There are 2 protein chains.
Amino acid sequence: MPQPMPPFDPYSAACPSRQALDRIGDRWTILVFGALDDGPQRFTELARRIEGVSQKMLTQTLRGLERDGLVTRTVHATVPPRVDYELTALGRTLSGPIAALEKWAMDHMADVLAAREAYDTRRAQPVA
Amino acid sequence: MPQPMPPFDPYSAACPSRQALDRIGDRWTILVFGALDDGPQRFTELARRIEGVSQKMLTQTLRGLERDGLVTRTVHATVPPRVDYELTALGRTLSGPIAALEKWAMDHMADVLAAREAYDTRRAQPVA
């Protein structure tokens, strides 16, 4: 049975919810979640879908997510063995918030790029 | 006028929306957003509220958010000058998704900690 705990406060330096923010916030975590939202995937499928992720980084990301109870890793007794990754019930509670972030990045990236260009232009001008 | 752009795809290695994921995902960004959601704040107020953030890291985070058009920095002509930070209209579009992440971290941190403990215990046991 879970122990009663004090409320989590990520503004407090010692609170473990800060680590949760780091886990969630990671670029590869966001992309793995998006991919697993469509159902279980094999390691090789994930590696193909998430362009540019190294095998080492993908392994680390999946292991971290498994340790945090967000993803399960299932080894099927085939030859060669097939390994599937899937969101857990807890992982699915995080899908919605992560999908919203991903959607935001796609919807507003043009505005962010325009803002960056304007900022860099302002910076490059001599102050009157 | 913004140029027409191809759709953003963070699964593609070259897409700039990946950088947006990195910006969003950063722990300090999430905490700064939560703090600025209550209204404009001075640098010193932010530093006090976000325990454990160094002055350098907070400055870097705020500068990055300013460059991305998510936060404005206003210098008031007082003695000493007062500097306020505030979410822009674009920044406010990101508040909801970020608040959902923060809420998730607070609501589910106990489950994550329990999963970690169970994982580490399984790992520590010899395989039969």
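Me: Before we count anything, what counts as a helix or a strand here?
Reply: Helices are DSSP runs of H or I with at least four residues, and strands are runs of E with at least two, numbered from the N terminus. Keep in mind that this is a predicted model.

Me: Great. So how many helices and strands are there in chain A?
Reply: Chain A has five helices and three strands. Going along the sequence, they come in the pattern α-α-β-α-α-β-β-α.

Me: What about the overall dimensions of chain A?
Reply: The C-alpha trace of chain A spans about 70 × 40 × 25 Å along its principal axes. Its radius of gyration is 19 Å, whereas a compact globule of 128 residues would be near 14 Å.

Me: And how much of chain A counts as buried?
Reply: That would be 32% of its 128 residues.

Me: Any numbers on contacts that join residues at least 24 apart in chain A?
Reply: Sure: take the contacts in chain A between residues at least 6 apart in sequence, and 45% of them join residues at least 24 apart.

Me: Let's go to helix packing. How do α2(A) and α4(A) cross?
Reply: Their axes come within 10 Å and cross at roughly 75°. Angles of 65 to 115 degrees count as roughly perpendicular, so α2(A) is roughly perpendicular to α4(A).

Me: Which residues make that contact?
Reply: From α2(A) you have A:W28, A:T29 and A:V32, and from α4(A) there are A:M57, A:T61, A:L62 and A:L65. By class, this contact has five nonpolar residues, two polar and no charged.

Me: Now α2(A) against α5(A): at what angle do they pack?
Reply: About 110°, with the two axes 10 Å apart. That makes α2(A) roughly perpendicular to α5(A).

Me: Left-handed or right-handed? And who meets whom?
Reply: The crossing of α2(A) and α5(A) is left-handed. On the α2(A) side, A:I30, A:F33 and A:G34 meet A:L94, A:S95, A:I98, A:A99, A:L101 and A:E102 of α5(A). Those residues divide into six nonpolar, two polar and one charged.

Me: Switching to the contact between the chains: how many residues does each one bring?
Reply: Chain A gives 47 residues and chain B gives 47 residues. In chain A, α1 (17–25), α2 (27–36), α4 (55–67) and α5 each supply at least two residues of the side that touches chain B.

Me: Which helix gives the largest share on chain A's side?
Reply: α5(A), with 20 residues. The whole side of chain A that touches chain B divides into 28 nonpolar, seven polar and twelve charged residues.

Me: Can you zoom in on α5(A) against a helix of chain B?
Reply: Happily! Helix α5 of chain A (residues 89–124) and helix α1 of chain B (residues 17–25) have axes that come within 9 Å and cross at roughly 115°. That makes α5(A) roughly perpendicular to α1(B), and the crossing is right-handed. A:L101, A:A105, A:M106, A:M109 and A:V112 sit on the α5(A) side of the contact, with B:S17, B:A20, B:L21 and B:I24 on the α1(B) side. By class, that is eight nonpolar, one polar and no charged.

Me: Last one: where is A:R73, and is it buried or partly exposed?
Reply: A:R73 lies in strand β2 of chain A, residues 71–76. It counts as partly exposed because it has 13 C-beta neighbours inside 10 Å.

Me: Which residues does A:R73 touch?
Reply: Not counting residues up to four places away in sequence, A:R73 touches A:L62, A:E66, A:V83 and A:Y85.

Methods:
Residues numbered from 1 in each chain as written. Chains lettered and ligands numbered in written order. Predicted model: local features only at pLDDT ≥ 70, side-chain atom pairs only at ≥ 80, totals over all residues. Axes fitted to C-alpha atoms, helices over the stretch in contact; angles between N-to-C directions. Parallel < 35°, antiparallel > 145°, perpendicular 65-115°, else oblique. Left-handed = near helix turned anticlockwise from the far one by under 90°. Contact = placed C-beta atoms within 7 Å. Nonpolar A, V, L, I, M, F, W, Y, C, P; charged D, E, K, R; others polar. Rg over C-alpha atoms; globule rule 2.2 N^0.38 Å. Buried ≥ 20, exposed ≤ 12 C-beta atoms within 10 Å, placed from the backbone.
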